[in-house]
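Me: I'm new to this structure and would like a close look at just one part of it. Could you pick a helix, walk me through how it sits, and then show me what surrounds it?

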Amino acid sequence: MIALHLSSKGFQINSETITFPVPLTQLKACLNENYRTTEGKNTTVFTWDDLGILAYSKDGEMAESITVALKLEDYEFSPKQIFGGIFYFNNQDIVRYYKSHKQQHVKLFKGDRSGALVVNDISAWFSVRSEKTEAIEISEYTPYVRGAGIPKDKYSIKPLDEEVLTFVDFGFKLSIIEELMYMKDLIKPVFDLYEFADWYQGREIDIDEEGYETIAEVTQYFKDLPIPKRLASEITDFYQDGGNDIYMNLSPFSGGDVEYWDIKTAIDAKQFPNLKKVTLCYATDEAYKEFEQMGIEAEWL
């Protein structure tokens, strides 16, 4: 029986100490040579069908991670059997422990929130679906650094060296941003809420907790975002819908039934000479009438 150990001594397969990336030759010695290879575009997967173990490699020689399968899957590289060994974390059988609990996130120790166990630069990450642990991936631990890999100035608002549009109505501006940024790709960067939250250094933005309402820093970003006047002619119509990208990035879990971004007046439409039609679901009756009075076809979604 295969015994995996993760403790202050590091990670071991039986009594063999493993560091990542681990040579395939060492894995064969620890496990056995009865494995098969599946070649992917960027990854080679080594599968021990009889052990319920997989190893993932970028170069076909060194494995960056090892996974124990706790559920049978239909992928070509999936093991034909689930992991039948023992996985000890500080001498506690974590496979048996997680199988015996029905909560999605089970705490093994104080501070265990993410479904991952980390010790001595090695992490054991739990893949959970439908409240069941399906696999445990063991790899070198790379600590999370907020904003890593994102240019420091990506979401910094910079003054434009050209004329910009001015807006009286924030809801109207949001509909214009939807068209120019998300539909026509004319405003950069294309705003992504999760990336913004990762990039933002002022405080930690918890989207899971805050995404049911507007997030102040996100709202302010769009209020401050300058829109070049030269792009006004690009707008011929706009279509409001609760699933628009702009709204999903403002408040992803609101369900769409909100008034945060209602258009209260259509006065900003005077800046858009080619605007001929609007489809509305976030607007007041007064704004609807104003559109029609300006000769712009308006209809409710």
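Reply: Let's start with one term: a residue counts as buried when its relative accessible area is under 20%, and as exposed when that value is over 50%. Keep in mind that this is a predicted model.

Now take helix α8, which covers residues 285–293. Which of its residues are buried? They are Ala 287, Tyr 288 and Phe 291. Looking down the axis of α8, you'd find these buried residues within an arc of 105 degrees, so they line one face of the helix. Turn to the face that points away from the buried side and you meet exposed residues instead: Asp 285, Glu 286, Lys 289 and Gln 293. Just past the helix comes Gly 295, with a positive phi near 80 degrees.

So what do the buried residues of α8 pack against? Their partners are helix α3 (170–183) plus three strands: β14 (237–239), β15 (277–280) and β16 (297–300).

From here we can step out to the core. The largest nonpolar core has 47 residues, and Phe 291 from our helix is one of those touching the most other members. Phe 172, Phe 191, Phe 222, Phe 238 and Leu 275 share that role. Several elements chip in at least two residues each: α3, α4 (193–199), α6 (216–224), α7 (245–250), β15 and α8 itself. The biggest giver is α3, with 7 residues. There is also another core lying apart from this one, made of 32 residues, among them Ile 13, Ile 18, Trp 48 and Ala 124.

Back in the largest core, Phe 191 is worth a pause. Leaving aside residues up to four places away in sequence, Phe 191 touches Tyr 155, Met 181, Tyr 182, Phe 196, Val 218, Tyr 221, Phe 222 and Asn 249. Three of those names turn up again in helix α6, whose buried residues are Glu 217, Val 218, Thr 219, Tyr 221 and Phe 222. And where do the buried residues of α6 pack? Against α3, α4 and α7.

One last stop, for contrast, is a strand residue. Thr 47 sits in β6 (residues 44–48), and Thr 47 is buried, with a relative accessible area of 0%. Its side chain reaches the backbone oxygen of Phe 77 at 2.7 Å. Not counting residues up to four places away in sequence, the neighbours that Thr 47 touches include Asn 34, Tyr 35, Ile 53, Leu 54 and Pro 79.

Definitions and conventions
Residues numbered from 1 in each chain as written. Predicted model: local features only at pLDDT ≥ 70, side-chain atom pairs only at ≥ 80, totals over all residues. Heavy atoms only, no water. Buried < 20%, exposed > 50% of the residue type's maximum accessible area, 1.4 Å probe, protein only. Helix = DSSP H or I, 4+ residues; strand = E, 2+ residues; numbered from the N terminus. Arc of directions from axis to C-beta. Contact = heavy atoms within 4.5 Å. Core = buried A, V, L, I, M, F, W, Y, C linked by side-chain atoms within 4.5 Å. Polar contact = N/O pair within 3.5 Å; in protein donor to acceptor, adjacent residues only side chain to side chain.
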